[in-house]
Amino acid sequence: MRQRETDLRRVGVASAAAVAASGAWYAAFGKELARLDDAYADPSMPAWVLPVELVRSGTVAAAVAALAARTGVTTTREAVTLGLTLWGAFPVVLLTGSVVHERVPWRQAAIHAGDWLVKLVLVSTIAGRSGRRADWAAR
């Protein structure tokens, strides 16, 4: 199996899409999150948050793209499976730990878990596929 190179354009698009999806997610669940934790009570966002989120999402997208390239992911189905696997292995495990060990309300952890589910599947689908035309037929 020949390893493919990471497509940096896809990483950039995936990063921007993840930030946009996350913004929509927290817009939908922001009131509930603010009710659960005072840290989320002020909905305003300082100017420095957006560049930080783009770097964070870019880091995740680059890692997912590199992992997909190294493991031979080429189809949308494989990319979605990769995103779901990463979600279960990392955010779910970490957020469960915060509920069990730090007494974070489970609803708060569930909101963050949902955000990570959307982001990882989206990023995996955009950055993790090979981009070949035949990819859509292999779904």
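These legends go with a set of close-up views of one predicted protein model.

Local features here need pLDDT of at least 70, side-chain atom pairs count only at pLDDT 80 or more, and totals for chains, interfaces and linings use all residues. Residues are numbered from 1 along each chain as its sequence is written, and side-chain values use heavy atoms, with hydrogens and water left out.

**Figure 1. The whole chain has five helices and zero strands.**
Reading from the N terminus, the elements go α-α-α-α-α. Helices (H or I, at least four residues) and strands (E, at least two) are DSSP runs, numbered from the N terminus. Of the 139 residues, 33% count as buried. Buried means under 20% relative accessible area, exposed means over 50%, and partly exposed is in between (1.4 Å probe, protein chains only). The accessible surface comes to about 8600 Å², and carbon and sulfur atoms make up 64% of that. Accessible areas come from the Shrake-Rupley method with a 1.4 Å probe, and for residues only the protein chains shown count as cover. Now for contacts, meaning heavy atoms within 4.5 Å. Take those between residues at least 6 apart in sequence: 84% of them join residues at least 24 apart.

**Figure 2. Asp7, Arg9 and Arg10 are tied into a network of salt bridges.**
Side chains of opposite charge can pair when their charged atoms come close. The rule used here asks for a side-chain nitrogen of Lys or Arg within 4 Å of a carboxyl oxygen of Asp or Glu, and five salt bridges pass it. In this view, Asp7 meets Arg9 at 3.3 Å, N to O. Asp7 also meets Arg10, this time at 3.8 Å, N to O. How accessible are the partners? Asp7 is partly exposed because its relative accessibility is 23%. Arg9, at 66%, counts as exposed, whereas Arg10, at 17%, counts as buried.

**Figure 3. Arg56 and Glu53 form a salt bridge within helix 2.**
Their side chains come to 2.9 Å, N to O. The two residues sit three apart in the helix, about one turn. Arg56 has 42% relative accessibility, so it counts as partly exposed. Glu53 is partly exposed too, with a relative accessible area of 21%.

**Figure 4. A nonpolar patch on the surface brings together Met45, Leu50 and Leu54.**
Together they offer about 280 Å² of accessible area. Patches are made of residues with over 30% relative accessible area and no salt bridge; like charges are joined within 9 Å, and nonpolar side chains (Val, Leu, Ile, Met, Phe, Trp, Tyr) within 5 Å. Leu50 belongs to helix 2, residues 49-71. With 40% relative accessibility, Leu50 counts as partly exposed.

**Figure 5. Trp25 and Phe29 make an aromatic pair in helix 1.**
Rings of Phe, Tyr and Trp (its six-membered ring) pair if their centres lie within 6.5 Å; planes under 30 degrees apart count as stacked, over 60 as edge-to-face and the rest as tilted. How many pairs does this rule give? The count is one. The ring centres of Trp25 and Phe29 are 4.6 Å apart and the planes meet at 40°, so this pair is tilted. Trp25 and Phe29 are four residues apart in helix 1 (residues 8-36), which means about one helical turn separates them. Trp25 is partly exposed at 22% relative accessibility, and Phe29 is partly exposed at 32%.

**Figure 6. In helix 5, look for Asp115.**
Helix 5 covers residues 106-127. Is Asp115 buried or exposed? Asp115 is buried, because its relative accessible area is 2%. Setting aside its neighbours within four places in sequence, Asp115 is in contact with Ser22, Trp25 and Tyr26.

**Figure 7. Lys119 lies over the face of Trp116.**
The distance to the ring centre is 4.3 Å. A charge sits over a ring if NZ of Lys or CZ of Arg is within 6 Å of the ring centre and within 35 degrees of the ring normal.

**Figure 8. Asp42 sits in the loop between helix 1 and helix 2.**
Asp42 is exposed, since its relative accessible area is 55%. Now find Gly30, 12 residues away from Asp42 along the chain. The C-alpha atoms of Asp42 and Gly30 are separated by 9.7 Å.
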